[in-house]
Amino acid sequence: MRISFEWLKEYIKLEASPEEVADRLTMIGHEVEALERAADDVVMEVNVTPNRPDCLSVLGLARELSASYQIPLEFPEHQFAAQTGELNFNIDILDPDLCNRYAGRILRGVEISPSPQWMKIRLEKCGIRAINNIVDVTNYVLLELGHPLHAFDLRTLKGNRIRIGTPKTVNGIESGLKFNTLDGVERLLPCEALLIWDAFDPVAIAGIMGGMDTEVKDNTKDIFIESAYFHPASIRRTSKSLGMKTESSYRFERGSDIKMLKKALDRAAYLIQKLAGGKIYGKLDIYPKIYYPPEISIRIERINSVLGLNLSDDEIMNYLKNLGFEIKDSQEGFRVKPPSFRRDIEREADIVEEIARLYGYDRIPAELPVASIGFDEPDKRLLQLKNKIRNAFKMTFLKNGYSEAINFSFMGERDLDMLKIPDGDDRKRFTRIMNPLRNEDSYMRTTLISSLLRNIQHNLSHGNRDLRLFEISRVYVGDRAFYKEIDPEDAKLPEERLHAAAVCYREKAKVLYRDDTNDFYLIKGTVEAVFKSLKLNNYVFMRSSEPFLHPGQSADIYISDIKIGYIGILAPSVINELDIKAYKPQIAVVELDLEILSAHLSYDIVYIPLSKFPYVERDTAVILDSQVESSLIMNLVREYPTVLIDDAYIFDVYQGSSIPVGKKSIAFNVRYRASDRTLTDEDVDALHKTLVEFILQKTDGQLRA
C-alpha cells in the first residue's frame with residue numbers, strides 16, 4: 001500500500017524524519033519496503049500483513065504510530081448539520097449473515113466537477129486515478145479511513161429502495177444472472193454472490209464494484225452514499241469467482257471496521273458538501289447483527305514470563321490503552337476488550353504479541369532458554385540404549401553402508417495386510433488418525449518394518465540397488481485400556497513402545513568372485529554386533545513364527561524366555577507384493593523391542609581379568625530330532641554347572657544320506673579354560689563327557705560316530 005508522509009502528518013504531529021518513521025513502522029510489524037521522493041513529499045510503500053486490515057489506511061498507520069510514539073491521534077473533520085424531514089427511502093437487509101450492517105446518506109443538489117488539485121495529487125500518489133469530485137471523495141475516504149464507500153445516482157435507484165441479498169434470496173435465482181459492472185464488462189454472477197439491489201434489479205456487486213446503470217455521471221444531481229459491513233468470506237468467494245480485485249474487495253475480504261462505517265459515511269458527506277455543494281439529509285442505518293468484542297483475561301506475570309521482561313501493571317495497561325483496548329479489573333487479573341477494528345485479537349497470546357510490538361522486539365534481551373534435561377530412571381535407560389544402538393549401527397556398519405532413516409509415524413491397513421499379520425495379533429490393534437495426511441497413512445504404525453520397506457521401494461525406483469537402512473523410533477499399539485489399573489483418561493491413548501529395526505537389500509547378480517554369504521547371516525551378524533556393543537550375551541535365536549518371514553531363513557530372539565524381536569528374510573509372497581524387478585530379490589529384516597531389551601541390560605561394568613592360562617577345545621556332533629532347535633544345544637551348554645566353560649558355538653548342521661530320516665546332525669565346539677591353572681587332557685575329557693551326556697539326556701539324542 002502506498003501512503004503519503006505529508007498526509008500521515010495531518011493526523012499525528014510527527015517530528016521524526018520519513019526514514020525514522022519507516023523504521024519505526026517496520027519494527028512494530030508493518031514493513032516499509034521503499035521510500036519514494038515526490039516533490040516536497042515522501043511516498044511510503046508499506047507491506048501490511050493479511051491479519052491487519054485496520055492498517056490499510058492513513059488513519060490506521062497513524063493510529064499505530066500514535067501508540068508507538070505515544071502522541072495523540074487527531075481524527076479528521078466530519079461534523080455537519082443535516083437536513084431534517086422524511087427521507088422516503090428504505091433499506092432491507094435480506095441476508096444479515098452476509099451483511100451485518102448497512103448505512104447510507106442522501107445528498108441532493110450536488111454539482112459534479114473535477115476534484116481540486118490537492119485531492120487529485122494525493123490520490124495519484126497512492127495509485128488511484130481521479131474521476132470526478134463525488135467518486136474521488138469515496139476513494140479518498142477509503143484511503144484515509146480504510147473503509148470502502150460507493151456513491152449511486154439517486155434517480156437511477158428504482159422504487160426508492162435498497163435491498164441487500166444474493167440472487168437466490170431476493171428472486172430465487174439459482175444461476176444465469178448477468179450484470180454490467182462499472183468497467184463496462186458484462187459478468188455472469190455466481191448464485192452465492194451478495195448483491196445490492198434497488199426495488200427490481202441489481203445495482204452493485206457488494207463490496208467489489210458498482211454497476212454502469214447507477215454510476216455518478218456529469219448530470220447527476222442527487223446521490224445516495226453507501227457504507228456497509230460485508231462478511232469477509234462472502235466477498236472473497238465472489239471476488240475469486242469473478243476474477244475481480246478492487247481496492248474495496250481487498251479491504252472487505254480482510255475485514256473492515258463495523259463501527260468505522262458510520263464515521264466514514266459522515267466524513268464522505270462532509271467532503272462532498274465542501275467540494276460539490278448540496279444538502280445532506282438524515283442517515284439510514286440498519287444494524288441487524290450487532291458486534292460484541294470478546295473479553296480476554298490477561299495475566300501480568302504471564303506476559304512478563306513469555307517476553308522475559310519485568311513490565312509493571314501501569315506500563316502494560318498504558319500500551320493497551322494506546323491501542324484502543326477497553327480494560328477492567330477482574331479477580332484473576334485484568335479483562336480487556338479489543339476495539340472493533342482489531343478482530344484479529346482473540347486470546348491472551350495475541351495481547352502478548354501486541355505488548356512485544358510496542359515495547360520493541362529489538363529491546364527484548366536475547367537469552368538462551370532454560371530447560372530441564374533430567375529424566376526418570378526408565379527414560380534415562382532408554383535414552384542411553386538408543387544412543388548405544390545408534391552408535392553401534394554407525395560404527396559397526398560404516399564399512400557396509402548402513403544409514404539411519406527417519407519416517408513419519410503413520411501407516412495404512414494395507415501395510416499390515418501385505419505382511420500377513422493375523423487379526424488377533426497386537427499389531428492389528430492400531431489407532432486411527434482423525435485427520436490423516438492421506439488415506440494410505442490413516443493409522444499410527446505398530447511396526448517399523450512397513451516404513452522401511454517403503455524406503456526400499458522408493459530407493460529401488462530411483463536406481464539405488466544396494467541398501468542398508470535402520471530406524472529407531474516408537475510404535476503405537478492399540479489403546480492402554482487393554483491393560484489393567486490404567487487411569488480412564490490415559491486409557492484412551494495408545495501404548496507407545498520404543499523399537500529399533502533394520503533392512504538390508506543387495507542386488508543379486510551372476511558374477512565371478514563375489515561374496516555370496518546368505519543375507520540371513522548378514523542380518524544375524526548385524527544383530528550380534530549390536531548385542532556385543534551392549535555387552536549382552538544371554539540371548540538365543542529360535543525358529544520364528546512371523547507370517548511375513550521365510551520359514552527356513554528366520555528366527556525370533558529371546559532373552560530369558562521373553563521375545564524381544566525377530567530377524568529373517570522376507571517371505572517370497574511379500575517380495576512379490578513389493579513388486580521388485582530384480583534377479584532373485586531378497587530383503588533381510590530385523591526388529592527389536594528396546595523397552596524389553598533395556599530391562600535385561602546391565603549398566604554396571606565389572607572387570608574380570610583375562611586368564612593367563614591356555615584354553616582346550618573339544619568338538620562333538622550329536623544326532624537329534626529334526627524339529628529340535630539348534631539353539632537348545634547352546635542353552636544347555638550355558639546351563640551346565642561349571643565355571644570352566646569359556647565359550648561355545650555351533651559350526652555345522654547336517655541332514656543327508658548318512659543321517660536317519662527325521663533326524664539331523666549338530667556339531668558344536670566347546671572351549672574350556674581355568675583361571676588358576678592349565679587344564680590337563682584328563683580334566684577336559686572327563687568334564688566334556690559329562691557335558692555331552694547331559695545334552696543327550698535332555699534332548700533324547702545320540703552321539704554321532
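## Exercises on a pocket and a sheet

The second largest pocket of this structure has a volume of about 830 Å³, and the model from which this value is computed is a predicted one.

**Exercise 1.** Describe the lining of the second largest pocket, beginning with its residues and ending with the elements that supply them.

*Solution.* Begin with the residues: 29 of them line the second largest pocket, and Ile-131, Val-135, Asn-139, Leu-182 and Met-209 are those that lie nearest its centre. Next, sort the lining by class, which gives 15 nonpolar, nine polar and five charged residues. Then turn to the elements, where at least two lining residues come from each of α5 (133-145), β6, β11 (202-205), β12 (209-210) and α8 (247-252). Finally, ask which element gives the most to this lining: the answer is α5, with four residues.

**Exercise 2.** Work out the arrangement of the sheet that contains β6, and state which helix packs on that sheet.

*Solution.* First establish the order, which is β6-β13-β5-β14 in an open sheet of four strands with antiparallel pairing. The edge strands, each pairing on one side only, are β6 (150-153) and β14 (279-286). Neighbouring strands of the sheet are turned against each other by 20° on average, direction ignored. Next, consider the pair formed by β5 (residues 99-108) and β13 (residues 223-230), which run antiparallel and are joined by eight bridges; within this pair, Tyr-102 stands opposite Ala-228 in β13. The helix that packs on the sheet is α9 (residues 260-276), which touches β5, β13 and β14 and whose direction makes about 15° with that of β5.

How values were computed:
Residues are numbered from 1 along each chain as its sequence is written. This is a predicted model: local features need pLDDT of at least 70, side-chain atom pairs count only at pLDDT 80 or more; totals for chains, interfaces and linings use all residues. Side-chain values use heavy atoms; hydrogens and water are left out. Two strands pair if DSSP finds at least two bridges between them. Axes are lines fitted to C-alpha atoms, for helices over the stretch in contact, and angles run from 0 to 180 degrees between N-to-C directions. Contact means heavy atoms within 4.5 Å. On a 1 Å grid over the protein atoms alone, a cavity is a set of points where a 1.4 Å probe fits but cannot get out, and a pocket is an open set with protein on both sides within 12 Å along at least five of seven lines; lining residues have an atom within 4 Å of a point. Grid points are joined across faces, edges and corners, and a volume is the space filled by probe spheres set on the points. Ala, Val, Leu, Ile, Met, Phe, Trp, Tyr, Cys and Pro count as nonpolar, Asp, Glu, Lys and Arg as charged, and the others, Gly among them, as polar.
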